[in-house]
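Hi,

Here's the structure I promised to send over. Have a look at it first, and then my notes below should be easier to follow.

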Amino acid sequence: MAQSSSQQPILRIGSRGSPLALVQAREVQRRLAAVADVDADRIEINVIRTTGDVVQDRPLADSGGKGLFTREIEDALLSGAIDLAVHSAKDMPGALPAGLVLAGLLPREDPRDAFIGRDAGTLGALPPGAVLGTSSPRRQAFVLRLRPDIKVTPLRGNVETRLRKLADGEADATLLAVAGLKRLGLLSKATAILSPDEFLPAIGQGAITVETRAGDDATRALVAMIDDADTAAALAAERAFLNVLDGSCRTPIGGHATLEGNLLRFRGMIVKPDGSEAVEVAREGDRAAAAELGADAGRELRARASADFFIRP
């Protein structure tokens, strides 16, 4: 399904079809149209249904992990059916398919997680035995690390679906990305915002990334005009960390980089699924060495963590 005018499109964007994905695709469409000096409807949005959208009856970790939200879109990009793909950066595996590159990142939105409780306003206020719904291994592990006395149950679906399931009583609370809530105008649903100091975000959380074919110089040049340098530096550190750890949806990994001028600070953590053990690492250095800092942090963490931290399919 394509969203465009009757004029011949100059670019074709591939995106998932959820309300949040389309908000993100339209933001990329708007920014590209501005730098290309064309009407936004000259840039077509093609909705592509991914395996992650189809599989709703079990945790994604049981079906193959992060690539389930990107694979079909990347296939369309490689085949030439679309010219660029718009993703939530946190959905991206550490390694990209051969022939594809991350060509640009929009300015990062708030990377934190939001707590949404039906009766309890905070994670700490949940009574013992309360049920928190999430299908994210990271959120499950980090929650159990802080509150081993509560039960975590799978809760799948897009943002609106999970909020409806919560309202219907399928869980006492859930966690969602602040960025997604803000982009959908739903931040008022949050009853608390979790500090990265206590609850590290997912790698890339809050960032929108644009993926292109490596050899498509014209599209890459256009996308580079909307690339945000600070977000790109932060994500270079975070994704290098993820790549060294061979991270997937099955391994609870958190990581977050911040910038103060040219100084980049990075924290990363891996947690056992039951929250019983965690290993943390930190780095700081010049932003020009962002990827090296992240990779070095990943190597240290891998050396310190026992093998059972790294869950394989």
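First off, keep in mind that this is a predicted model. I'd start at Leu301: leaving aside residues up to four places away in sequence, Leu301 touches Phe241, Leu245, Gly268, Met269, Ile270, Val279, Val281 and Phe310.

Leu301 also belongs to the largest nonpolar core, which has 25 residues. Together with Phe241, Ile253, Leu264, Ile270, Ala305 and Phe310, Leu301 is among the members that touch the most others. Helix H8 (229–245), helix H9 (290–304) and the strands E12, E13 and E14 each put in at least two residues. H8 gives the largest share, with seven. As a rule of thumb, nonpolar side chains in soluble globular proteins tend to be buried together.

There's another core apart from that one, made of 20 residues, including Phe142, Ala173, Ala192 and Leu194.

Now for the strands. E12 (residues 253–260) and E13 (residues 263–271) run antiparallel and are joined by eight bridges. One of the pairings there puts Ile253 opposite its bridge partner Ile270 in E13, and both of these residues are on the list of core members with the most contacts to other members. The hairpin has two residues between the strands, and Gly261 takes a positive phi near 65 degrees.

E13 also pairs with E14 (residues 278–286), again antiparallel, over nine bridges. Leu263 has Asp286 in E14 as its bridge partner. This hairpin has six residues between its strands, with Gly275 in the turn at a positive phi of about 75 degrees.

Cheers

Terms used:
Residues numbered from 1 in each chain as written. Predicted model: local features only at pLDDT ≥ 70, side-chain atom pairs only at ≥ 80, totals over all residues. Heavy atoms only, no water. Pairing = 2+ DSSP bridges. Helix = DSSP H or I, 4+ residues; strand = E, 2+ residues; numbered from the N terminus. Core = buried A, V, L, I, M, F, W, Y, C linked by side-chain atoms within 4.5 Å. Buried < 20%, exposed > 50% of the residue type's maximum accessible area, 1.4 Å probe, protein only. Contact = heavy atoms within 4.5 Å.
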